[in-house]
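The exercises below are meant to be worked through with the sequence and the coordinates side by side. Each task is followed by a solution that goes step by step.

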Amino acid sequence: LVVNQKWAGSRDQGSEGESPLEFKVFGPLEVSHDGEPVTIARPKCQALLALLISHHPHGISLDATADALWPEADHKNSKNSVRVHMTHLRAALVAQTDVVTHTVGRYSLAVGRAQIDVCRFEDLSTEARRVAAAGDPHKACALYERSIAEWDGMPYSGLRDIDALRDECARLDVLCLDVAEGYATALLDDDRADQTCRLLEPMIDMNLIRETLAARLMLGLYRT
């Protein structure tokens, strides 16, 4: 799922005092440190990081991680492999050794929601829905626009074949369409039918449409 980039606005930055690391899962998994790309070269480390992000902030157990990444391996060996790759991942995260924590049998990513693109996407779209329900479509559009600015690729692209990520990928796919629908509705309520059409027509071309979205597109076309 990829939204038309003409809607992309400025992304929110992390709060002052937070770790300078940022994580992106819309599109290929990416990490940056103070705005500079961080290379996570090992495929298993990429998969491990994806699991940590998908289970943020509660974390994931050693056993569940081993089963997800080495399902066919001996359990003792697979748990040792998790520990080894966790060490490599920590080393790759630009000396931010406290970012990946291990407490009460669970590994977790100790960063704020503002440092993960999908969390920003969810938080902004939740606030947009609240504002729209309160009767302020203009403000809701601004929030949806900031939310959609985060959506610039299929979530967990290149890692979607990992069984442990499939439910999260499916949830995000649905959420992206929900956000597009909410944005289209707010645009119509704000008398911006032409922008509704510009949002939804590319989604029709990519076959990323459902009946309620098609109805909003038809209404937008009727009003232009």
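**Exercise 1. Find the partner of Leu21 in β2, and then work outward to the sheet that holds this pair.**

Step 1. In this predicted model, the bridge partner of Leu21 in β2 is His33, while Glu22 is bridged to Ser32 of that strand.

Step 2. These two bridges belong to the pairing of β1 with β2 (residues 30-33), which is antiparallel and runs over four bridges. Between the two strands of this hairpin lie five residues, and Gly27 in the hairpin adopts a positive phi near 85°.

Step 3. Widening the view, one finds an open sheet of three strands in the order β1-β2-β3, paired in the antiparallel sense. Because β1 (21-24) and β3 (36-38) each have a single partner strand, they stand at the edges, and one side of each is left without a neighbour in the sheet. Direction ignored, neighbouring strands of this sheet are turned by 35° against each other on average.

Step 4. An edge position in the sheet still leaves the question of the two faces of β1: are its residues buried or exposed? Leu21 and Phe23 on one side, and Glu22 and Lys24 on the other, are all buried, so that both faces of β1 are covered.

**Exercise 2. Describe the surroundings of Ile60 and of helix α2.**

Step 1. Ile60 is located in strand β4 (residues 60-61), and its relative accessibility of 5% lies under the 20% cut-off, so Ile60 counts as buried.

Step 2. Once neighbours within four places in sequence are set aside, the contacts of Ile60 are with Leu52, His55, Thr65, Arg106 and Tyr107. The C-alpha atom of Ile60 is also separated by 8.4 Å from that of Gly105, although these residues are 45 apart along the chain.

Step 3. Thr65, one of the contacts of Ile60, is buried in helix α2 (residues 62-69), as are Leu62, Ala66 and Leu69. Since these residues cover an arc of only 100° around the axis, they are on the same side of α2.

Step 4. What do the buried residues of α2 pack against? Their packing partners are α1 (43-54), β4, α3 (75-92) and β6 (106-109).

**Exercise 3. Examine the salt bridges, asking for each chosen pair where its residues lie and how accessible they are.**

Step 1. Side chains of opposite charge can pair when their charged atoms come close. With a limit of 4 Å between the side-chain nitrogen and the carboxyl oxygen, the count comes to 14 salt bridges.

Step 2. Asp63 and Lys79 form one of these, with their closest N and O atoms 3.6 Å apart. This pair links distant parts of the chain, for Asp63 is in helix α2 and Lys79 in helix α3, 16 residues apart. Asp63, at 37% relative accessibility, counts as partly exposed, and so does Lys79, at 22%.

Step 3. Asp123 and Arg113 meet in a salt bridge of 2.7 Å, N to O. Here the link is between Asp123 in helix α4 and Arg113 in the loop between β6 and α4, ten residues apart. Asp123 is partly exposed, with a relative accessible area of 35%, and Arg113 is likewise partly exposed, at 34%.

Step 4. In the salt bridge of Arg192 with Asp190, the closest N and O atoms are 3.0 Å apart; Arg192 has a relative accessibility of 17% and therefore counts as buried. Elsewhere, salt bridges that share partners join Asp178, Glu181, Arg210 and Arg216 into one network.

**Exercise 4. Summarise the fold and decide where the coordinates call for caution.**

Step 1. The protein has eight helices and six strands, which follow one another along the sequence as β-β-β-α-β-α-α-β-β-α-α-α-α-α.

Step 2. Of its 224 residues, 47% count as buried. Among contacts between residues at least 6 apart in sequence, 64% join residues at least 24 apart.

Step 3. The average pLDDT is 87, and 88% of the residues score at least 70. Over residues 1-17, however, the pLDDT is below 50, although this stretch has 42 contacts in the model beyond near neighbours in sequence.

Step 4. Where pLDDT is low, the predicted coordinates should not be read in detail.

Note on methods:
Residues numbered from 1 in each chain as written. Predicted model: local features only at pLDDT ≥ 70, side-chain atom pairs only at ≥ 80, totals over all residues. Heavy atoms only, no water. Pairing = 2+ DSSP bridges. Axes fitted to C-alpha atoms, helices over the stretch in contact; angles between N-to-C directions. pLDDT = per-residue confidence, 0-100. Contact = heavy atoms within 4.5 Å. Buried < 20%, exposed > 50% of the residue type's maximum accessible area, 1.4 Å probe, protein only. Arc of directions from axis to C-beta.
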